[in-house]
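Trainee: Could you show me how to read strands, a core and a surface patch in a model like this?
Mentor: Sure, pull it up and we'll go through it.

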Amino acid sequence: FPSHDRYKCWIIQSLTIFADQQGDLTIDIKKSNYNNYPTFTSIVGGTYPQMLNSRKVRDDNLNNWDKTILAGDVLTFDVLGVNNIKRFLISLKLKL
């Protein structure tokens with residue numbers, strides 16, 4: 001995100017996760033910004049994205065999430081649990 005434009009705002013509309021093989025995965029997504037780094041706060045509101053015995057999952061609801069991403073925000077993706085998956089990809093669809 002262009003950090004020079006502090007008034008830009010994006011809204012997360014959906015999350016998609018793809019894995020290299022069938023398995024289980026639970027993640028947390030946290031955000032921070034330049035001033036608050038290295039402190040990160042979860043944006044998922046306790047509704048952790050999960051993939052259960054699958055290679056892909058999509059969530060278009062994102063219930064309880066803080067969906068707002070501001071210019072300059074930094075995201076981190078923490079694996080809370082994994083079984084049988086070696087690699088995965090996370091895609092966030094943003095409304096610009």
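What follows is a short walk from strand pairing to the core and then the surface.

Mentor: This is a predicted model, so local features need pLDDT of at least 70 and side-chain atom pairs pLDDT 80 or more, while totals for chains, interfaces and linings use all residues. Residues are numbered from 1 along each chain as its sequence is written, and side-chain values use heavy atoms, without hydrogens and water.

Trainee: Which strands does β1 pair with in the antiparallel sense over three bridges and over seven bridges?
Mentor: Strands are DSSP E runs of at least two residues, numbered from the N terminus, and two of them pair if DSSP finds at least two bridges between them. β1 pairs with β4 (residues 68-70) over three bridges and with β3 (residues 50-59) over seven. Nine bridges join β1 to β5, again antiparallel; there, Ile29 has Phe77 as its bridge partner.

Trainee: Which residues have the most contacts inside the largest nonpolar core?
Mentor: A nonpolar core joins buried (under 20% relative accessible area, 1.4 Å probe, protein chains only) Ala, Val, Leu, Ile, Met, Phe, Trp, Tyr and Cys residues through side-chain atoms within 4.5 Å. Here the largest has 16 residues, with Ile29 and Trp65 making the most contacts inside. Strand β1 (residues 9-32) gives the largest share, eight residues.

Trainee: Is Val82 buried, partly exposed or exposed?
Mentor: Partly exposed runs from that buried limit up to 50%, with exposed over 50%. Val82 sits in β5 (residues 74-83) and counts as partly exposed because its relative accessibility is 48%.

Notes: Helix = DSSP H or I, 4+ residues; strand = E, 2+ residues; numbered from the N terminus.
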